[in-house]
Amino acid sequence: MRPITESDVRSSFVNCSKGEAKRLGVPHDLDEQPWDDLDFLGWRDPGAPGRGYLIAERDGSLVGIALRAAPGASRGFTSRSMCSLCLTTHTSGGVALMSARRTGEAGRQGNTVGAYLCTDLACSLYTRGKKQPAVAGDLDETLSVEEKIARTQVNLAAFVDRVIKG
Ligand SMILES: [Zn+2]
């Protein structure tokens with residue numbers, strides 16, 4: 001994705017209030033993000049445990065989505081689980097169930113979209129083999145990196161659409 005600035009980040013959020021978007025913790029190293037290798041910018045809020053954020057490009061504009069990790073989702077979680085965006089398999093704690101409030105009327109009624117996502121939201125890097133899960137998955141994949149990138153982007157677009165279009 002193209003490099004974005006802190007003000008781009010703050011003005012991109014579609015599912016939280018303007019006040020929340022203004023206060024949330026934006027990464028300090030935006031200048032150093034590996035933008036060419038990112039399908040989306042994702043990070044956990046260091047000041048607010050359980051909160052995470054994801055910014056993707058959709059139809060040429062930025063869509064920022066605030067996420068909340070389900071409390072206790074990783075507790076006693078010994079089996080492997082898979083991220084629904086990049087399909088990376090992680091062991092305990094590497095995947096979290098996160099929910100995003102939907103936009104519009106559905107969101108006002110408390111409607112959310114849930115998905116299992118890499119806890120560190122580094123799906124783009126796992127997709128490209130630039131980051132490895134703590135324990136290598138045993139899924140024997142024959143897809144090329146380009147095919148994996150295409151798959152992650154399709155899954156990402158579908159997730160964003162569920163949040164903004166229902
Ligand atoms: Zn992932």
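Helices (H or I, at least four residues) and strands (E, at least two) are DSSP runs, numbered from the N terminus. With that numbering in hand, select Leu121, which lies in the loop between strand 7 (112-118) and helix 4 (123-127). The model on screen is a predicted one, and the stops below move from this loop to the whole chain, then through the paired strands, and finally to helix 5.

**Leu121 and its loop**

Show the backbone torsions at Leu121, where phi is near 55 degrees, a positive value in a residue other than glycine. As background to this stop, most residues other than glycine have a negative phi. Then colour by accessibility: Leu121 has a relative accessibility of 3% and counts as buried, because the cut-off for that class is under 20% relative accessible area.

**The whole chain**

Zoom out until the full protein chain is in view, and count five helices and seven strands. Followed along the sequence, these elements come in the pattern α-α-β-β-β-β-β-β-α-β-α-α. The radius of gyration is 15 Å, close to the 15 Å that the globule rule gives for 166 residues, so the protein chain is as compact as a globular protein of that length. Along the principal axes, the C-alpha atoms fill a box of roughly 45 × 35 × 30 Å.

Keep this view for the chain-wide values. Of the 166 residues, 43% count as buried, while the protein chain exposes about 8,900 Å², with carbon and sulfur atoms supplying 49% of that area. If contacts with a separation of 6 or more are drawn, 58% of them come from residues 24 or more positions apart. Colouring by charge brings up 21 positive and 20 negative charges, whose mean positions are 9 Å apart.

**Strands 1 and 2**

Next select residues 40-44 and residues 51-58, which are strand 1 and strand 2; the two run antiparallel and are joined by five bridges. A useful place to centre the view is Gly42, which stands opposite Leu54 in strand 2. From there, move to the hairpin of these strands, which has six residues between them and in which Gly50 takes a positive phi near 90 degrees.

**Strands 2 and 3**

Keep strand 2 selected and add strand 3, to which eight bridges join it in an antiparallel arrangement. Two pairs are worth labelling here: Ala56 stands opposite Val63 in strand 3, and Arg58 stands opposite Ser61 in strand 3.

The hairpin of strand 2 and strand 3 has two residues between the strands, and the residue to select in this loop is Asp59. Asp59 has a positive phi of about 50 degrees although it is not a glycine. Is Asp59 buried or exposed? Its relative accessibility is 67%, so Asp59 counts as exposed, since that class begins over 50%.

**Strand 3 and its other neighbour**

Now select strand 3 alone and colour its residues by accessibility: the strand is mostly covered, with seven of its nine residues buried. Adding strand 6 (residues 95-101) brings in an antiparallel pairing with strand 3 that has three bridges. To find this pairing in the viewer, label Leu67, whose bridge partner in strand 6 is Ala100.

Continue to Ala70, which is found in the loop between strand 3 (61-69) and strand 4 (81-82). Ala70 is partly exposed, with a relative accessible area of 27%. A distance drawn from the C-alpha atom of Ala70 to that of Gly114 reads 9.1 Å, although the two residues are 44 residues apart along the chain.

**Thr152 in helix 5**

For the last stop, select residues 145-164, which form helix 5, and pick out Thr152 within that helix. With a relative accessible area of 0%, Thr152 is buried. Which residues does Thr152 touch, not counting residues up to four places away in sequence? Show its contacts, and the partners are Asp39, Leu85, Cys86 and Thr127. One of these partners, Thr127, can be displayed together with helix 4 (123-127), which brings the view back to the part of the chain where the tour began.

Technical notes. Residues are numbered from 1 along each chain as its sequence is written. This is a predicted model: local features need pLDDT of at least 70, side-chain atom pairs count only at pLDDT 80 or more; totals for chains, interfaces and linings use all residues. Side-chain values use heavy atoms; hydrogens and water are left out. The radius of gyration is taken over C-alpha atoms; the globule rule is 2.2 Å times the number of residues to the power 0.38. Buried means under 20% relative accessible area, exposed over 50%, partly exposed in between (1.4 Å probe, protein chains only). Contact means heavy atoms within 4.5 Å. Accessible areas come from the Shrake-Rupley method with a 1.4 Å probe; for residues, only the protein chains shown count as cover. Lys and Arg count as positive and Asp and Glu as negative; His and the chain ends are not counted. The place of a charge is taken as NZ of Lys, CZ of Arg, CG of Asp or CD of Glu. Two strands pair if DSSP finds at least two bridges between them.
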